[in-house]
Amino acid sequence: MRILITGGTGFLAKNIIPVLSKYEVFAVGSKDYDLLDSYQCDLMFDNIRPDYVLHLAAKSGGILSNKQYPADFWYQNMLITGNIWEYSKRYMPKKLIVVVPGCTYPSNAPVPVVENSMWDGFPDLYPAPGALAKKMSITASYAYKQQYGLNSTIVIPANAYGINDLFDEVHSHVIPALMLKVHKAKQENLKEITFWGTGKAIRDFIYAEDIANCIPYFIENEIKFASENPCLENVCNVSTGIGTSIKELAETIVKIVGYHGNVNWDISKPDGPANKTFSNVRMKSLGLKCETTIEEGIRRTYEWFQKKLA
């Protein structure tokens with residue numbers, strides 16, 4: 001069986017590819033096919049003729065880049081989303097699995113966030129333009145099933161981190177950004193470092209290998225959950241279900257990196273939503289588990305990061 005992975009050179013794909021050894025995997029990146037261009041998207045499907053499609057490609061980044069380039073995030077993700085669904089319809093793989101970020105949920109959704117709350121409000125402001133564009137895959141999943149019979153599943157991981165993550169001060173998500181900051185402070189013997197916010201915000205972090213281990217199930221099985229909204233019957237969170245405060249996260253990173261300076265918090269900077277943990281009730285009902293602790297996951301990630309720098 002041939003499986004096409006878009007965003008195949010990215011962080012999550014690099015964790016998923018090793019668990020798909022039974023498939024003939026075609027992992028493509030933007031240098032192979034520009035998914036903003038409908039012609040190149042058509043060419044990709046025509047050349048590969050996949051039995052399954054795992055769609056990971058997106059324009060993504062941390063809070064700073066989302067704040068600076070909201071139009072880019074909206075426009076590029078709208079194009080990518082539209083092209084993938086339209087050409088999946090034309091080539092009709094057995095199934096399309098789309099990974100959608102957790103920032104698509106309403107900012108005021110009750111915690112733990114359940115799949116059925118997806119349409120109950122507006123996402124957090126800064127990632128909203130890109131998040132809403134990616135969220136259109138949920139609507140497309142229903143529409144393309146109804147009109148064309150295209151089978152699909154929407155997977156929503158919590159905040160992923162792990163080996164092969166992007167370590168960049170502007171574009172990284174919170175764990176690699178903090179890890180890079182603390183590592184540099186240690187290397188430069190800084191007496192103190194300052195993190196944004198109060199540290200009280202709670203997030204749901206998931207080790208990327210745990211997400212990867214769930215993907216074969218979603219490829220090989222149809223899912224359908226009870227929902228008043230038929231658009232949400234095939235949507236599933238992938239989460240530990242455990243919340244970690246940003247302060248606890250920072251303290252764990254400081255300990256594992258071995259930084260011994262003072263840690264300050266700039267409370268003039270925003271925290272974002274107070275608590276965003278995800279329900280994993282649907283996931284558990286499928287027999288799936290995500291068991292890597294935050295400390296063990298950060299330890300493995302930092303070990304990989306150090307080897308990369310060596």
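Tutor: Two strands count as paired if DSSP finds at least two bridges between them. This is a predicted model, in which local features need pLDDT of at least 70 and side-chain atom pairs count only at pLDDT 80 or more, while totals for chains, interfaces and linings use all residues. Residues are numbered from 1 along each chain as its sequence is written, and side-chain values use heavy atoms, with hydrogens and water left out.

Student: Which strand does β8 join by two bridges, and do the two run parallel or antiparallel?

Tutor: Strand β8 covers residues 202-203, and its Ile202 stands opposite Ser245. That serine belongs to β11. The two bridges join β8 to β11, and the direction of the pair is antiparallel.

Student: Which strands stand at the edges of the open sheet that contains β8?

Tutor: The sheet has three strands in the order β11-β8-β13, with mixed pairing. Each edge strand has a single partner strand, so one side of it is left without a neighbour in the sheet. The strands at the edges are β11 (244-245) and β13 (275-276).

Student: How many helices and strands does the chain have?

Tutor: Helices are DSSP runs of H or I with at least four residues, strands are runs of E with at least two, and both are numbered from the N terminus. On that basis the chain has 10 helices and 13 strands.

Student: Which residues of β7 point to the buried face?

Tutor: In a regular strand the side chains alternate between the two faces of the sheet. Strand β7 (residues 192-196) shows this alternation, with Glu192, Thr194 and Trp196 pointing to the face where they are not buried (buried means under 20% relative accessible area, exposed over 50%, partly exposed in between, with a 1.4 Å probe and protein chains only). The buried side chains, which point to the other face, are those of Ile193 and Phe195.

Student: Which residue of β12 stands opposite Thr194?

Tutor: Five bridges join β7 to strand β12 (residues 262-266), and the two strands run parallel. Within this pair, Thr194 stands opposite Asn264.

Student: Which residues beyond its sequence neighbours is Leu178 in contact with?

Tutor: Leu178 lies in helix α6 (residues 174-187) and is buried, with a relative accessible area of 11%. Contact here means heavy atoms within 4.5 Å. Leaving aside neighbours within four places in sequence, the partners of Leu178 are Phe195, Leu249 and Ile253.

Student: What percentage of the chain is made up of buried residues?

Tutor: The chain has 310 residues, and its C-alpha atoms fill a box of roughly 60 × 45 × 40 Å along the principal axes. Of those 310 residues, the buried ones make up 49%.
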